[in-house]
Amino acid sequence: MKGERLQALDSMSTLVAVLDAQGAVRFANAALENALGLSRRTLVGVEFATFFAQPALLQMALASARRQEAAGLRFEASLKGLQHELIPAHVNVAAADGQGDILVELWPLEQHARQDREERLREQVQANKELIRNLAHEIKNPLGGIRGAAQLLEMELANRDLREYTQVIIHEADRLQGLVDRLLAPHRHPHQVGDVNIHEVCERVLALVLLEHPQGLHVERDYDASIPEFRGDRAQLIQALLNIVQNAAQALTERIAAGDACITLRTRVLRQVTFGRKRYRLALELHVIDNGPGVPEAIKDRIFYPLVSGREGGSGLGLTLAQTFVQQHDGLLECESEPGRTDFRILLPLP
């Protein structure tokens, strides 16, 4: 394969190796380097079958490709990873071109499953967004009519004691109007893009949360100072992170009262990472970790859905809006939770 075509393989999220006719590595893309924990320079010239738990499977496929018995051969095998752990994968072997090269593509099953989850989440968020927008507009118009009618009725009432009931109608209409406004908020305001320093965002959020909880809440900062600025909507990112950290603080109510509540903000740079079915050379990884009771099992799979809350009196909009704002930056928000440790992770592309 020609040099420019080989370099194009670096942008692929699948693991790709180009082998010569004898099965030695001619080229390995960045994803394969990461999976094996070896540089391209180290891999070149090494028999690729040695990285398989069952080398004979690949050797048989290579022999078939050399004889051109099929356009491509697919099978399942296990690749030996960075710490010699086995990585189950779908493998495809095919002749690359007329020069005798053989192309080997591998789709790790875990990565494939994760990409499917991400895709389903994105589709769900998009469906939720459309549902919320339509529902909010349908509620808004009659709500205004109800409030206006209650005000007119109040003006006509001779008995002032009866105005208590019209005030209930007006108050509840205003409360629902506030909910509708919050549902529509992410879709009303245009993206205000500028230079963003993620640690300034973190400090702004922590300052706000510590004002609410001046006692009993300990904050740990674990920042990677090498993270560069990137283009984004600073206000949206502050709101997204604030919603997550406030959720964590609310989940820590009992521990705050006991004086041992802790929230950790950790930032790291990831290299050659894939999310949203795209591969990025650099990405920001931001963790919000708390030592609370964990997400209730009953809602663990639905925490990013609108109006789903694990807290009595909660609106169920905080995480939905956070997910929306992160996705508007081509990022990903996910959560892992167990009693004693909940970890929300934000991934954002970096330049």
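The exercises below, each followed by a worked solution, concern a predicted model.

**Exercise 1. Strand β1 and its partners**

Decide whether strand β1 is enclosed or open to the outside, and find which strands pair with β1.

Solution. Begin with the burial of the strand, which covers residues 15-19: 5 of its 5 residues are buried, so β1 is largely enclosed by the rest of the structure. Next, take the two faces separately: Leu15, Ala17 and Leu19 are buried on one side, and Val16 and Val18 are buried on the other, which leaves both faces of β1 covered.

Then turn to the pairing. Strand β5 (residues 102-108) runs antiparallel to β1 and is joined to it by 5 bridges, and within this pairing valine 18 stands opposite leucine 103. Strand β2 (residues 25-28) also pairs with β1 in the antiparallel sense, here over 3 bridges, with leucine 19 standing opposite valine 25. Finally, look at the connection between β1 and β2: the two strands form a hairpin with 5 residues between them, and in the turn glycine 23 has a positive phi of about 90°.

**Exercise 2. The surroundings of leucine 43**

Find where leucine 43 lies, state whether leucine 43 is buried or exposed, and list residues that it touches.

Solution. First, locate the residue: leucine 43 belongs to helix α3, which covers residues 40-43. Second, compare its relative accessible area with the cut-off: the value is 1%, and buried means under 20%, so leucine 43 is buried. Third, look for contacts, setting aside residues up to four places away in sequence: leucine 43 touches Val25, Ala28, Leu36, Leu38 and Phe51. As a last step, compare sequence with space for one further residue: phenylalanine 27 is 16 residues apart from leucine 43 in sequence, while their C-alpha atoms are 7.9 Å apart.

**Exercise 3. An aromatic cluster**

Classify the geometry of the ring pairs that phenylalanine 48 forms with phenylalanine 51 and with phenylalanine 52.

Solution. The structure holds 2 aromatic pairs. In the pair of phenylalanine 48 and phenylalanine 51, the ring centres are 6.1 Å apart and the angle between the planes is 50°, which is a tilted arrangement. In the pair of phenylalanine 48 and phenylalanine 52, the centres are 5.4 Å apart and the planes stand at 85°, so this pair is edge-to-face.

Now put the pairs together: Phe48, Phe51 and Phe52 form one aromatic cluster. As for burial, phenylalanine 48 and phenylalanine 51 are both buried, and phenylalanine 52 is buried as well, with a relative accessible area of 1%.

**Exercise 4. Salt bridges between distant parts of the sequence**

Work out which parts of the chain are tied together by the salt bridge of arginine 26 with aspartate 101 and by that of aspartate 222 with arginine 266.

Solution. Side chains of opposite charge can pair when their charged atoms come close. A search of the whole structure finds 11 salt bridges, among them the one between arginine 26 and aspartate 101, whose closest N and O atoms are 2.5 Å apart. Arginine 26 lies in strand β2 and aspartate 101 in the loop between β4 (86-95) and β5, so this pair ties together parts that are 75 residues apart in sequence. To describe the burial of the two partners, note that arginine 26 is partly exposed at 36% relative accessibility, whereas aspartate 101 is buried at 5%.

In the second pair, the closest N and O atoms of aspartate 222 and arginine 266 are 3.1 Å apart. Because aspartate 222 lies in strand β7 (residues 217-222) and arginine 266 in strand β9 (residues 261-275), the pair ties together parts that are 44 residues apart in sequence. Aspartate 222 is partly exposed, with a relative accessible area of 26%, and arginine 266 is partly exposed, also with a value of 26%. A final step extends the picture, since Asp222, Arg266 and Arg268 are linked in a network of salt bridges.

**Exercise 5. A side chain that meets the backbone**

Identify the backbone atoms that lie 3.0 Å from a polar atom of the side chain of asparagine 291.

Solution. Start with the position: asparagine 291 is in the loop between β10 (278-290) and α10 (318-327), and it is buried, with a relative accessible area of 18%. The backbone oxygen of aspartate 260 lies 3.0 Å from a polar atom of this side chain, and the backbone nitrogen of cysteine 262 is likewise 3.0 Å from a polar atom of the side chain.

Note on methods: Residues numbered from 1 in each chain as written. Predicted model: local features only at pLDDT ≥ 70, side-chain atom pairs only at ≥ 80, totals over all residues. Heavy atoms only, no water. Helix = DSSP H or I, 4+ residues; strand = E, 2+ residues; numbered from the N terminus. Buried < 20%, exposed > 50% of the residue type's maximum accessible area, 1.4 Å probe, protein only. Contact = heavy atoms within 4.5 Å. Polar contact = N/O pair within 3.5 Å; in protein donor to acceptor, adjacent residues only side chain to side chain. Phe/Tyr/Trp six-rings, centres within 6.5 Å; stacked < 30°, edge-to-face > 60°. Pairing = 2+ DSSP bridges. Salt bridge = Lys/Arg side-chain N within 4 Å of Asp/Glu carboxyl O.
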